[in-house]
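Student: I've got a model open and I'd like to learn how to read it. Can we go through it feature by feature?

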Amino acid sequence: MGKVYLRTFLEGGDSFVQHYENPVRFFDLLMRRVLVNFATQPSMASICCQCLGRLYQLHHLTIGIFDDMNEIVKLVTRSLSREVRHALLCLLQNMSIVEENTEQLLNDETVTLLSDIASFAHTNP
């Protein structure tokens, strides 16, 4: 993604991520990359989700509220890749540190999805 190698971003220490110059732009670029690669390159989409989660954890005050939490939920429901579903669920968890993001998840679709996933995980260890 530009001058930043995603693996380096994931493996770098928190100080590397905290001192990244423009986290809002990088967040937007990563989200676009997830959407573009969602169906065709699931491993790239998964890595981008991991980067998004890490970036949001450290820069949530700068990035602010993410108004499309339900779009991430829809991606979870449409994903055929276990790796991508896992990365998207972790991203939802990371982004839930902002209360307004969590409030967006309080709807029938999300609660049903998360209940189904929890039930499946419980019965299929």
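Tutor: Sure, and let's start with charge. Lys and Arg count as positive and Asp and Glu as negative, while His and the chain ends are left out. Keep in mind that this is a predicted model.

Student: Okay, how far apart are the mean positions of the positive and negative charges of the chain?

Tutor: They sit 12 Å apart, taken over 10 positive and 14 negative charges.

Student: Next, the fold. How many helices and strands are there in the chain?

Tutor: Eight helices and zero strands. Reading from the N terminus, you get α-α-α-α-α-α-α-α. The radius of gyration is 15 Å, close to the 14 Å that the globule rule gives for 125 residues, so the chain is as compact as a globular protein of that length. Along the principal axes, the C-alpha atoms fill a box of roughly 40 × 30 × 25 Å.

Student: And what share of the contacts joins residues at least 24 apart?

Tutor: Take contacts between residues at least 6 apart in sequence: 70% of them join residues at least 24 apart.

Student: What about inside and outside? How much of the chain counts as buried?

Tutor: Of the 125 residues, 39% count as buried. On the outside, the chain exposes about 7700 Å², with carbon and sulfur atoms supplying 53% of that.

Student: Now the core. Which residues have the most contacts inside the largest nonpolar core?

Tutor: The general idea is that in soluble globular proteins, nonpolar side chains tend to be buried together. Here the largest nonpolar core has 33 residues, and F27, L30, L55, I72, L88 and M95 have the most contacts inside it. At least two residues of this core come from each of α1 (6-11), α3 (23-37), α4 (42-63), α5 (69-78) and α6 (82-95). The helix that gives the most is α4, with nine residues.

Student: Let's zoom in on one of those. What does L88 touch, beyond residues up to four places away in sequence?

Tutor: L88 touches F38, C49, I72, L75 and V76. Of these, I72 is also on the list of core residues with the most contacts.

Student: One last residue: where is S96 found?

Tutor: S96 is in the loop between α6 and α7 (99-104). Its relative accessible area is 25%, and buried means under 20% while exposed means over 50%, so S96 is partly exposed.

Student: Which residues is S96 in contact with, leaving aside neighbours within four places in sequence?

Tutor: M69, T102 and L105. As for T123, S96 is 27 residues from it in sequence and 26 Å from it in space, C-alpha to C-alpha.

How values were computed. Residues are numbered from 1 along each chain as its sequence is written. This is a predicted model: local features need pLDDT of at least 70, side-chain atom pairs count only at pLDDT 80 or more; totals for chains, interfaces and linings use all residues. Side-chain values use heavy atoms; hydrogens and water are left out. Helices (H or I, at least four residues) and strands (E, at least two) are DSSP runs, numbered from the N terminus. The radius of gyration is taken over C-alpha atoms; the globule rule is 2.2 Å times the number of residues to the power 0.38. Buried means under 20% relative accessible area, exposed over 50%, partly exposed in between (1.4 Å probe, protein chains only). Contact means heavy atoms within 4.5 Å. Accessible areas come from the Shrake-Rupley method with a 1.4 Å probe; for residues, only the protein chains shown count as cover. The place of a charge is taken as NZ of Lys, CZ of Arg, CG of Asp or CD of Glu. A nonpolar core is a set of buried Ala, Val, Leu, Ile, Met, Phe, Trp, Tyr and Cys residues joined through side-chain atoms within 4.5 Å.
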